[in-house]
Amino acid sequence: MQSDFYRSPTPAEPYKKSDADFSQRSARRSMPRPRFGTRGIVPLAIFSAGILVLLVCLVGVRVSGWDMYFTATESITAFDDDVGEDDDWDYSDYFSEFGDEVEEETEPSITAGPLDENFRLELNEPGETLSAGEIYDQVLPSIVYIETADDTARYSGTGVILTEDGYLMTNSHLISGCSSAWTTLSSGERYESTLVGYDNETDLAVLKISGTGLPAAEFGDSELVQVGDSVLAIGNPMGSGLYGTMTDGIVSAVDRRISVNGYSMKLIQTSAALNSGNSGGALLNSSGQVIGITNVKMESSVETLEGLGFAIPSSVVKEVGESLISSGSIIRPSIGITCYELTESESELLGIDGGIAVEAVTAGSPAQEAGVRTGDIILEANGQQTTTLDQLTSARNRAGVGGVLELTILRGDQTLTLTIVLGES
């Protein structure tokens, strides 16, 4: 089975921070400020000089390339006996900048959950406009706290109850490589969770718990969302200690195309604050309906960025959720390449009006069998110009598994036509 991985300028790497570190930092902020008398003049002068030197160093630093990145929004606690003693994390160790290599996800080994071939997720039109307080009271029981673990760390995030019999939606990056998962309801009840299915391409995963009569969330139609709409986000930033935190904002953009962990996604952009632990949380409209599942935020190593959060549209949640719960998997056509869009300057150097550059070809893939090579530039797919990943993906999906994708390729000074019979991922 092959899958198409697009080179990502925005790989989502986990945020690592312990509860002990959070408490320690909070305590430090609440400490009284020192008072400087005459004896404090010399230390103050030395301190000021140190700050000045630091500022000069920072001003002199030049960051090559992009400095922004997207971070996954799960909270992580490392299994470290020294946590809490002096855990001033170097956050740069856990975030990747644009252009870094993307690590392939590790398959989870969580116990498989049951399927329901009759499952359907209804997307509703907006109803009565509710106050923020009314929405919170209505939706909070449908928000769950999720803990996962692998051999080295514990991870925590959020989930949304889909059905009364315990199907839950969360993010696939929260369960990647994990061997166990637990779910805690707003009532405090805790359940071991099984994994029904997951889809890395959309960053969605479905878990199942054994509860009954659970308060399922109502989902709205993300296709009706408009820029400027008021929204609320509910999740568990920093873990269980801040369970059920609600933030507000607006829809900043719809169908915002970004790349996360090598996958190109169309997401809802929002100004509502998202933090570590919000992974898998709910983005809500003014009627308290779930219109998106929150999954990433944009941050910078050198610039202050605020209010740049993203959520997976409910239309995608419906499509993926129904497939995962009914069959346990998502079947998509696959080319078997890693590729990226040419920049304007790259296109000018080649004398073309844009294209898709092939960065790598998967061994044994349909692309390799058809003769596609690293360095090829895809100009057209089935007769349609392809200058964006969206266009290539659309052509691939229209052809379907077993379908034919005819690519017009620039290789050096030659223009070739290659025919690919698509596989499945």
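pLDDT is the predictor's confidence in each residue, on a scale from 0 to 100. The model on screen is predicted, and a tour of it can start with that score.

**Stop 1: colour by confidence**

Colour the chain by pLDDT and select residues 76–103. Here pLDDT stays under 50, and the model has 77 contacts beyond four places in sequence for this stretch. Next select residues 56–69, where pLDDT also stays under 50. For residues 56–69 the model has 25 contacts beyond four places in sequence. Over the protein as a whole the average pLDDT is 81, and 75% of the residues score at least 70.

**Stop 2: the whole chain**

Switch to a cartoon view. The protein has seven helices and 25 strands. Of its 425 residues, 49% count as buried. Turn on the surface: the accessible area is about 20,700 Å², and carbon and sulfur atoms account for 49% of that area. Among contacts with a separation of 6 or more, 70% are between residues 24 or more positions apart.

**Stop 3: two nonpolar cores**

In soluble globular proteins, nonpolar side chains tend to be buried together. Select Val 160, Leu 162, Phe 219, Leu 284, Val 290 and Val 317. These residues belong to the largest nonpolar core, which has 36 residues, and they touch the most other members. Apart from that core lies another, of 19 residues, including Ile 335, Ile 356, Leu 389 and Ile 409.

Go back to Leu 284 and show what surrounds it. Which residues is Leu 284 in contact with, leaving aside its neighbours within four places in sequence? They are Ile 135, Val 139, Ser 230, Val 231, Leu 232, Ile 234, Gln 289, Val 290 and Ile 291. Val 290 appears in this list and is also one of the core residues selected above.

**Stop 4: strand S23 and its partners**

Select residues 404–411, which form strand S23. Is S23 largely enclosed or left open by the rest of the structure? It is largely enclosed, because six of its eight residues are buried.

Add residues 377–381, strand S21. S21 pairs with S23 in the antiparallel sense over four bridges. In one of the positions to check, Ile 378 has Ile 409 of S23 as its bridge partner. Ile 409 is among the residues of the 19-residue core.

Now add residues 414–421, strand S24. Eight bridges join S23 to S24, and the two strands run antiparallel. Arg 411 has Gln 414 of S24 as its bridge partner. The hairpin of S23 and S24 has two residues between the strands, and Gly 412 takes a positive phi near 65° there.

Within S23, pick Thr 408. Its relative accessibility is 17%; the cut-off for buried is under 20%, so Thr 408 counts as buried. Not counting residues up to four places away in sequence, Thr 408 touches Ile 377, Ile 378, Leu 379, Glu 380, Thr 415, Leu 416 and Thr 417.

**Stop 5: strand S10 and its partners**

Select residues 204–208, strand S10. S10 is mostly covered, with five of its five residues buried. Show the side chains: Leu 204, Val 206 and Lys 208 lie on one side, Ala 205 and Leu 207 on the other, and all are buried.

Add residues 194–199, strand S9, which pairs with S10 in the antiparallel sense over five bridges. Asp 199 has Leu 204 of S10 as its bridge partner. The S9 and S10 hairpin has four residues between the strands, and Asp 203 takes a positive phi near 60° in it.

Then add residues 167–170, strand S6. Four bridges join S6 to S10, and these strands run antiparallel. Tyr 167 stands opposite Lys 208 of S10.

**Stop 6: Tyr 145**

Select Tyr 145, in strand S4 (residues 143–149). Tyr 145 counts as buried because its relative accessibility is 10%. Draw a C-alpha to C-alpha distance from Tyr 145 to Leu 185: the two are 40 residues apart in sequence and 6.6 Å apart in space. Beyond four places in sequence, Tyr 145 touches Ser 156, Gly 157, Trp 182, Thr 183, Thr 184, Asn 236, Gly 239, Ser 240 and Tyr 243.

**Stop 7: cysteines**

Finish with Cys 178 and Cys 339. Cys 178 counts as buried, at 0% relative accessibility. Cys 339 is buried, with a relative accessible area of 0%. How many disulfides does the protein have? With a disulfide taken as a pair of cysteine sulfur atoms within 2.5 Å, the count comes to zero.

Key. Residues numbered from 1 in each chain as written. Predicted model: local features only at pLDDT ≥ 70, side-chain atom pairs only at ≥ 80, totals over all residues. Heavy atoms only, no water. Buried < 20%, exposed > 50% of the residue type's maximum accessible area, 1.4 Å probe, protein only. Contact = heavy atoms within 4.5 Å. Areas by Shrake-Rupley, 256 points an atom, 1.4 Å probe, with all protein chains shown as cover. Core = buried A, V, L, I, M, F, W, Y, C linked by side-chain atoms within 4.5 Å. Pairing = 2+ DSSP bridges.
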